[in-house]
Amino acid sequence: MISLAVPALYSPSSHICAAARARASYKCACVPGRQGAEQPRAVEAEQTAAQESPRFRWDVFGSDLSDPQKKDIRGLSPKLPNRCKALVTRIVRLPPQDEETLGLLLAFWVKAMNPKRADWLLVLKELTAMESPLLAEVLELALLEDSFEANVRDYTKLIDIYGKQKLLQKAENAFHAMKARGLPCDQVMLTALMDMYSKAGDITRAKEIFREIGLLGLPMDKRVYGSMIMAYIRADMLDEAEDLISKMADQQIVAGKEVYKALLRTYSYKGDSDGAQRVFDAIQFAGIVPDTKMCALLVNAYCLANQINEAIIVTRNMRSAGITPCDRCIALILGAYDKVNRLEGALAFLTELEENGVVIGQEPSQLLAGWFTRLGVVQEVERVLKDLSVDRKNKTKQDTKNDTKRDWKNNKTKQDTKNDTKRDWKNKTRQDRKNDTRRDRKNKTRRSFAVSLERK
């Protein structure tokens with residue numbers, strides 16, 4: 001079990017304080033009137049101060065930079081404040097295991113710059129971007145500073161870093177240090193611990209933390225269940241993982257796509273086609289649209305189980321759903337045919353793919369080439385492929401010629417229709433002009449008759 005004792009974390013200001021006490025004793029020993037009797041004590045204090053903590057020099061950093069260090073310094077954000085840039089450029093120059101100098105460096109920076117939490121976060125952000133090996137040490141020392149204003153999320157980040165590095169003891173020490181400061185332990189923190197124990201292979205501790213989350217009354221959401229399911233998958237406890245997924249479904253909680261994919265991958269690599277199909281159906285019931293990688297995992301499970309016909313059915317269902325079978329799926333099926341030496345079935349499968357417009361990629365082509373080489377029919381296959389290529393070229397030329405004729409006919413028909421329209425419009429215009437002329441003559445005759453009547 002984890003010890004509840006508070007770990008003695010390293011204090012960045014301990015060396016500075018020791019040096020300050022040594023300098024104070026030295027000044028007291030050198031007061032006039034006491035030089036005769038207490039001179040040996042002054043010499044002894046000076047030697048002790050020199051041995052315990054040498055004077056820190058901020059300006060000694062900057063010589064003998066390696067090319068990666070220069071690259072990291074050039075990659076710093078231009079918006080980074082100068083006080084933060086001064087610290088980051090000196091942290092970059094430190095060796096990975098020099099924690100003592102790092103503590104002195106941070107203590108001097110805190111005393112000189114009086115940073116705020118925003119400054120600390122900028123420094124940590126730059127160290128994270130450059131993947132500094134001293135990131136965890138800097139964060140651990142920053143948690144002890146009042147100016148950092150540490151909270152639960154900061155400790156969660158530190159535990160996550162230690163978990164990825166598989167430093168379980170340091171992660172546990174950080175967890176107990178957080179509890180000693182009176183910070184509340186929430187669901188996110190416990191989930192990070194559960195992930196850490198899961199990746200380390202300690203399924204017992206992961207189950208204990210999972211039960212503790214429920215006992216504390218913390219929300220059991222998608223992330224908590226997903227972490228526990230991943231712990232079961234890593235421990236090869238697939239039945240327990242499926243039971244937990246069913247429990248989530250009863251509570252109307254849908255597991256993440258990556259969780260389903262991890263479970264499907266495990267069944268696939270084991271050649272358990274029934275388990276893989278069961279998880280694949282659960283993925284669709286959860287409303288998740290399977291992608292080509294998930295389909296390839298299902299095909300792999302059927303191929304390892306020597307169920308080639310079912311694997312081909314999967315590719316047909318993919319085409320029906322509008323998903324083109326990937327090269328991995330095709331290569332898996334061809335490899336299964338090669339394993340049982342069924343060349344006719346492989347050729348029939350390739351013919352079916354060609355009829356449905358599926359193009360064979362590099363991976364299945366290389367597999368076919370190796371298979372034909374072992375059979376000694378490479379030359380015959382090359383001759384057949386050349387004939388097919390010639391036929392395809394001739395067919396393409398004929399199709400192009402037919403398309404040209406069709407386009408010419410269509411263009412001619414369009415032009416004739418256009419000309420007919422123009423001709424009709426002209427004829428209609430002439431007829432309208434003729435009618436207008438007749439109408440004008442009749443009106444003129446009527447007006448002349450009316451004028452003559454008025455005169456009479």
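Trp120 is buried in this predicted model. Its relative accessibility is 1%. Because buried means under 20% relative accessible area, Trp120 falls within that class. Phe148 is buried as well, with a relative accessible area of 0%.

The aromatic pairs come to a count of three. Trp120 and Phe148 form an edge-to-face pair. Their ring centres lie 6.1 Å apart, and the angle between the planes is 90°. Trp120 belongs to helix H6, which spans residues 117-129. Phe148 sits in the loop between helix H7 (135-142) and helix H8 (152-164). The two residues are 28 apart in sequence, so the pair ties together separate parts of the chain. Trp120 and Phe148 also belong to one aromatic cluster with Trp109. A charged residue adds to the surroundings of Phe148: Arg117 lies over the face of this ring, at 5.0 Å from the ring centre.

Phe210 and Tyr225 are both buried. Their ring centres are 6.0 Å apart. The planes meet at 65°, and edge-to-face applies over 60 degrees, so this pair is edge-to-face. The pair links distant parts of the chain, with the two positions 15 residues apart in numbering. Phe210 lies in helix H11 (residues 203-215), and Tyr225 lies in helix H12 (residues 222-234).

A charge also sits over the ring of Tyr197. Here the charged end is that of Arg205, 5.0 Å from the ring centre.

Technical notes:
Residues are numbered from 1 along each chain as its sequence is written. This is a predicted model: local features need pLDDT of at least 70, side-chain atom pairs count only at pLDDT 80 or more; totals for chains, interfaces and linings use all residues. Side-chain values use heavy atoms; hydrogens and water are left out. Rings of Phe, Tyr and Trp (its six-membered ring) pair if their centres lie within 6.5 Å; planes under 30 degrees apart count as stacked, over 60 as edge-to-face and the rest as tilted. Helices (H or I, at least four residues) and strands (E, at least two) are DSSP runs, numbered from the N terminus. Buried means under 20% relative accessible area, exposed over 50%, partly exposed in between (1.4 Å probe, protein chains only). A charge sits over a ring if NZ of Lys or CZ of Arg is within 6 Å of the ring centre and within 35 degrees of the ring normal.
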